[in-house]
Amino acid sequence: MKQEYTYKLVKEGEVTNVEVTPHPDWEEFDQFVELFIDHEGATLIAQDIGMDRHQVRYRKGQHQFILQFEHYTGSIWIETDF
């Protein structure tokens, strides 16, 4: 069964924090990514699933971003890729 997530984007300087409810589990982050990409009207470019950080590159309009999820802190944020 797929988890339903809601999220809020909070801009802080060059970084946008992503506040997700409920907070996604490390192994189920793909479910949040699928919802996020769909809701943002974005195109998935690549995913790098690491031991302590997941990185998801996506394009929205003419810009590319990286959605990051850091395991140890549970932090989720977006950085501009280019």
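**Exercise 1. Locate His54 and describe its surroundings.**

Solution. His54 belongs to strand β4; helices (H or I, at least four residues) and strands (E, at least two) are DSSP runs, numbered from the N terminus. The model is predicted, so local features need pLDDT of at least 70 and side-chain atom pairs count only at pLDDT 80 or more, while totals for chains, interfaces and linings use all residues. Residues are numbered from 1 along each chain as its sequence is written, and side-chain values use heavy atoms, with hydrogens and water left out.

Next, consider accessibility. His54 has a relative accessible area of 4% and is therefore buried (buried means under 20% relative accessible area, exposed over 50%, partly exposed in between, with a 1.4 Å probe and protein chains only).

Then examine the neighbours. Leaving aside residues within four places in sequence, His54 is in contact (heavy atoms within 4.5 Å) with Trp26, Phe29, Asp48, Ile49, Leu67, Gln68 and Phe69. A polar atom of the His54 side chain lies 3.4 Å from the backbone oxygen of Trp26.

**Exercise 2. State which residues have the most contacts inside the largest nonpolar core, and which element gives the most to this core.**

Solution. A nonpolar core is a set of buried Ala, Val, Leu, Ile, Met, Phe, Trp, Tyr and Cys residues joined through side-chain atoms within 4.5 Å. The largest one has 18 residues, and Phe29, Phe32, Tyr58 and Leu67 have the most contacts inside it. The elements β2, α1, β4, β5 and β6 each give two or more residues to this core. Of these, α1 gives the most, with six residues.

Phe32 may serve as an example. Beyond its neighbours within four places in sequence, Phe32 is in contact with Tyr5, Tyr7, Val18, Val20, Pro24 and Leu67.

**Exercise 3. Describe how β1 and β2 are joined.**

Solution. The two strands run antiparallel and are joined by seven bridges; strands pair if DSSP finds at least two bridges between them. Within this pairing, Leu9 stands opposite Val18 in β2. The hairpin of β1 and β2 has two residues between the strands, and Gly13 takes a positive phi near 70 degrees there.

**Exercise 4. Find the salt bridges of the whole structure and characterise each pair.**

Solution. A salt bridge is a side-chain nitrogen of Lys or Arg within 4 Å of a carboxyl oxygen of Asp or Glu. The search of the whole structure finds three.

1. Glu19 pairs with Lys8, with the closest N and O atoms 3.6 Å apart. Glu19 is in strand β2 (residues 15-21) and Lys8 in strand β1 (residues 6-12), 11 residues apart. Glu19 is partly exposed at 41% relative accessibility, and Lys8 is partly exposed at 48%.
2. Glu40 meets Lys60 at 2.9 Å, N to O. This pair links helix α1 (residues 29-40), which holds Glu40, with strand β4 (residues 53-60), which holds Lys60, across 20 residues. Glu40 counts as buried because its relative accessibility is 16%, whereas Lys60 is partly exposed at 34%.
3. Asp81 pairs with Arg57, the closest N and O atoms being 3.0 Å apart. Asp81 lies in the segment after β6 (75-80) and Arg57 in strand β4, so the pair ties together parts that are 24 residues apart in sequence. Asp81 is partly exposed at 25%, and Arg57 is partly exposed at 29%.

**Exercise 5. Place Gly74 and name its contacts.**

Solution. Gly74 lies in the loop between β5 (63-70) and β6. Beyond its neighbours within four places in sequence, Gly74 is in contact with His23 and Phe69.

Technical notes:
Polar contact = N/O pair within 3.5 Å; in protein donor to acceptor, adjacent residues only side chain to side chain.
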